[in-house]
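Work through the exercises below with the sequence and the model open. Each task is followed by a solution in steps.

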Amino acid sequence: MAATNHRRYTVEPLSADEIRRSFVNSSRSLVKAMTLPRDFDVLPWENLDYLGWRDPKAPARGYLVLRRDEGVTGIAVTTAATGAPRRGTGLCDLCHTAHQVTDVSLFVARRAGSAGKAGNTVGTYICADLACSLYLRGLKELEVPQSDLAGPEVRAGRLNERLETFVGRVLG
Ligand SMILES: [Zn+2]
């Protein structure tokens, strides 16, 4: 038997195939057009509650992929830049990190199945770079004072609960 690998992952690393098969709210052609994160080979899985990234070739598109009891679930989202200048701070609905308002984006997910085909969507404000896991662990720099002062483990737990709620709304 091989030596036990003591490395602890938060999200067990996902293969490109697993990711492509995981999307519940995306057409086959969109999945085919998806570009994986640039740093896919060196992702810090041990610090990720979910894999989130903006499409390097289509920045208005983003993806959230997570491991759940039911399996790997991928949610495709889109965001539209509003023309109006925005000021102040904004809060990510998923991880409750405070950002300059321009670093939080309203992402829209098409709902899965017939609801999505009928045009139903779910909208939520998320860290614009979809790096919630890194912010709440203090691994990415923040520009504004934070109101949520709980520790990373507590915040990661809450993030996972809110992710589950978000996925539930998309799945309907
Ligand atoms: Zn966030």
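A residue counts as buried under 20% relative accessible area, as exposed over 50%, and as partly exposed in between. The model used here is predicted.

**Exercise 1. Classify V108 by accessibility and place it in its surroundings.**

Step 1. The relative accessibility of V108 is 31%, so V108 is partly exposed.
Step 2. In the secondary structure, V108 belongs to strand β6, residues 104-110.
Step 3. On the surface, V108 joins L106 and Y125 in a nonpolar patch. Together the three residues have about 230 Å² of accessible area.

**Exercise 2. Describe how strands β1, β2 and β3 are connected and paired.**

Step 1. Start with β1 (residues 51-55) and β2 (residues 58-68): these strands run antiparallel and are joined by 5 bridges. The connection from β1 to β2 is a hairpin through 2 residues.
Step 2. Fix the register of this pair. L51 is opposite V65 in β2, and G52 is opposite L64 in β2.
Step 3. Go on to β3 (residues 71-79), which pairs with β2 over 8 bridges, again in the antiparallel sense. A hairpin through 2 residues leads from β2 to β3.
Step 4. For the register of the second pair, take Y63, which faces A76 in β3.
Step 5. Check how far β1 is covered. Of its 5 residues, 4 are buried, so β1 is largely enclosed by the rest of the structure.

**Exercise 3. Determine the donors and the geometry of the zinc site, and relate the site to the chain.**

Step 1. List the donors: the SG atoms of C92, C95, C127 and C132 coordinate the zinc ion at 2.2 to 2.3 Å.
Step 2. Test the angles. Four donors count as tetrahedral if all angles lie between 85 and 135 degrees. The 4 donor atoms here subtend angles of 101 to 117 degrees, so the arrangement is tetrahedral.
Step 3. Write the spacing of the donors along the chain: C-x2-C-x31-C-x4-C.
Step 4. Locate one pair of donors. C92 is in the loop between β4 (89-91) and β5 (98-100), while C127 is in strand β7 (residues 121-127), so this pair ties together parts that are 35 residues apart in sequence.
Step 5. Add the accessibility: both C92 and C127 are buried.

**Exercise 4. Compare the backbone angle phi, the position and the accessibility of H96 and L130.**

Step 1. Recall the usual sign: most residues other than glycine have a negative phi.
Step 2. Read off the angles. H96 has a positive phi near 60 degrees and is not a glycine. L130, also not a glycine, has a positive phi of about 55 degrees.
Step 3. Assign the positions. H96 is in the loop between β4 and β5, and L130 is in the loop between β7 and α4 (132-136).
Step 4. Apply the accessibility classes. H96, at 28% relative accessibility, is partly exposed. L130 has a relative accessible area of 2%, so L130 is buried.

Conventions:
Residues are numbered from 1 along each chain as its sequence is written. This is a predicted model: local features need pLDDT of at least 70, side-chain atom pairs count only at pLDDT 80 or more; totals for chains, interfaces and linings use all residues. Side-chain values use heavy atoms; hydrogens and water are left out. Two strands pair if DSSP finds at least two bridges between them. Donors are N, O and S atoms within 2.8 Å of the metal (3.2 Å for Na, K and Ca); water is not among the atoms, so sites may look incomplete. Four donors count as tetrahedral if all angles lie between 85 and 135 degrees; four count as square planar and six as octahedral if opposite donors are over 155 degrees apart and all others between 65 and 115; anything else is irregular. Buried means under 20% relative accessible area, exposed over 50%, partly exposed in between (1.4 Å probe, protein chains only). Patches are made of residues with over 30% relative accessible area and no salt bridge: like charges are joined within 9 Å, nonpolar side chains (Val, Leu, Ile, Met, Phe, Trp, Tyr) within 5 Å. Accessible areas come from the Shrake-Rupley method with a 1.4 Å probe; for residues, only the protein chains shown count as cover. A salt bridge is a side-chain nitrogen of Lys or Arg within 4 Å of a carboxyl oxygen of Asp or Glu.
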